[in-house]
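Let's take a walk through this model and look at who touches whom. Have the sequence and the 3D view open as you read.

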Protein chains: 2
Amino acid sequence: MQFDAKVPIYYQIKQYIYHEIISGHFKAGQKIPPLRQLAVTLTVNVNTIQRALSELITAKVLVSQRGKGNFVTTDDVILGHLKQQVLTAEFSELYDHLAAMNIAPAEMVTAFQSYLDQRKEA
Amino acid sequence: MQFDAKVPIYYQIKQYIYHEIISGHFKAGQKIPPLRQLAVTLTVNVNTIQRALSELITAKVLVSQRGKGNFVTTDDVILGHLKQQVLTAEFSELYDHLAAMNIAPAEMVTAFQSYLDQRKEA
DNA sequence: AGTAGTGTATTAGATCTCTATTACACTATA
DNA sequence: TATAGTGTAATAGAGATCTAATACACTACT
């Protein structure tokens with residue numbers, strides 16, 4: 001996995017877990033890979049994985065069971081809002097950046113659409 | 001100015017300058033505020049400002065004149081591509097994050113549109 | 001009981017970012 | 001020529017992140 005050098009790795013791993021849950025790769029109640037395996041897969045130190053996971057445990061997205069593993073929560077309330085929360089965070093950041101360039105909301109959409117169209121061609 | 005604690009300040013200042021140029025606040029050939037004034041305005045150390053500006057000078061977006069100040073380039077080729085470059089970088093990052101959640105391009109647009117609609121109401 | 005697999009915790013050191021401080025170089029102008 | 005305004009450079013120290021290494025606690029299974 002390739003990380004953005006400008007953002008803490010532990011934070012990017014946190015997002016990675018979010019993405020795996022939202023995409024359905026990690027399902028409700030399912031055990032996620034062990035710490036040491038994640039560390040190898042993502043070529044990162046165990047402590048860095050642990051830092052990311054501990055934040056997700058605090059957020060009650062993951063449930064930790066000593067000796068057993070880490071599991072995706074079965075709380076439907078939390079899982080139900082997850083995708084919308086992550087999406088809103090993404091769009092909010094984008095909006096702020098584009099608004100700082102004096103770009104109107106309507107232009108934001110058309111410009112994004114243009115980007116996607118161009119991407120599709122290639 | 002409020003900074004995102006997860007991204008280096010010097011990098012965010014670099015983006016800030018880009019935004020000021022693209023929005024038209026800083027025009028071609030125009031002198032930008034002195035280092036020490038930017039440091040006060042953005043409540044950041046002079047060295048941090050300097051680091052951001054030095055990258056922009058290397059990118060030939062700014063031209064430095066010792067004793068006089070820093071000026072926006074008059075190079076139309078560079079200025080002409082600036083907005084598209086920054087936009088593409090923003091969209092590319094968004095695309096990667098959303099694609100990691102198994103979100104299709106068409107849904108990206110509608111979800112973004114929904115975000116903007118919701119934002120308009122408030 | 002023993003062993004492997006798991007999560008948790010602590011320490012030390014490297015690197016990066018940011019601040020604070022000081023000094024220097026050049027320009028413009030009184 | 002003096003002075004204020006500017007960019008440039010270098011050093012030292014604080015804090016955050018990441019790595020490496022080690023140890024400990026709990027679970028499952030033989």
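Which residue of chain A forms a salt bridge with B:Lys83? The partner is A:Glu107, with the closest N and O atoms 3.0 Å apart. Keep in mind that this is a predicted model, and every value here is computed from it.

## Where the two chains meet

That salt bridge is one of two found across the interface of chain B and chain A. The two chains also share four residue pairs in polar contact, counting pairs with both residues at pLDDT 80 or more. On the chain B side, helix H1 (9–23), helix H4 (76–99) and helix H5 (105–121) each bring at least two residues to the surface touching chain A. H4(B) gives the most, with 13 residues. Sorted by class, this side of chain B has 20 nonpolar, eight polar and seven charged residues.

As for the overall contact, it takes 35 residues from chain B and 35 residues from chain A. About 3,400 Å² is buried between the two chains, and 73% of that is on carbon and sulfur atoms.

## How the copies are related

Turn chain B by 180 degrees, with a shift of 0.0 Å along the axis, and you can lay it on chain A with an RMSD of 0.0 Å. That is the relation of a two-fold axis. Both copies use the same surface: 100% of the contact residues of chain B recur in chain A. If you want to find the axis from chain B, look for B:Val7, whose C-alpha comes closest of that chain's residues, at 2.8 Å.

## Around DNA strand D

DNA strand D is surrounded by 25 residues, and the closest are A:Ile9, A:Asn47, A:Thr48, A:Arg66 and B:Ser64. By class, this surface has six nonpolar, 11 polar and eight charged residues. Helix H1 (9–23) and helix H3 (46–58) of chain A each supply at least two residues, and so do helix H2 (35–41), helix H3 (46–58), strand E1 (62–65) and strand E2 (69–72) of chain B. The largest share, three residues, comes from H3(A).

Which part of the strand faces the protein, sugar and phosphate or bases? Of the atoms of DNA strand D within 4 Å of the protein, 67% belong to sugar or phosphate, and the rest to bases. On the phosphate side, a polar backbone atom of A:Asn45 is 3.1 Å from a phosphate oxygen, and an N or O atom in the side chain of A:Lys68 is 3.4 Å from a phosphate oxygen. For the bases, look at B:Asn47: an N or O atom in its side chain is 3.1 Å from a base nitrogen of DNA strand D.

Note on methods: Residues are numbered from 1 along each chain as its sequence is written. Chains are lettered from A and ligands numbered from 1 in the order in which they are written. This is a predicted model: local features need pLDDT of at least 70, side-chain atom pairs count only at pLDDT 80 or more; totals for chains, interfaces and linings use all residues. Side-chain values use heavy atoms; hydrogens and water are left out. Copies are superposed by least squares on the C-alpha atoms of residues with pLDDT of at least 70 in both. Contact means heavy atoms within 4.5 Å. A residue is near a molecule or strand if one of its heavy atoms lies within 4 Å of it. A polar contact is a pair of N or O atoms within 3.5 Å; within protein, one must be able to donate a hydrogen and the other to accept it, and residues adjacent in sequence count only if both atoms are side-chain atoms. Helices (H or I, at least four residues) and strands (E, at least two) are DSSP runs, numbered from the N terminus. Ala, Val, Leu, Ile, Met, Phe, Trp, Tyr, Cys and Pro count as nonpolar, Asp, Glu, Lys and Arg as charged, and the others, Gly among them, as polar. Buried area is the accessible area (1.4 Å probe) that two parts lose on being put together, summed over both. A salt bridge is a side-chain nitrogen of Lys or Arg within 4 Å of a carboxyl oxygen of Asp or Glu.
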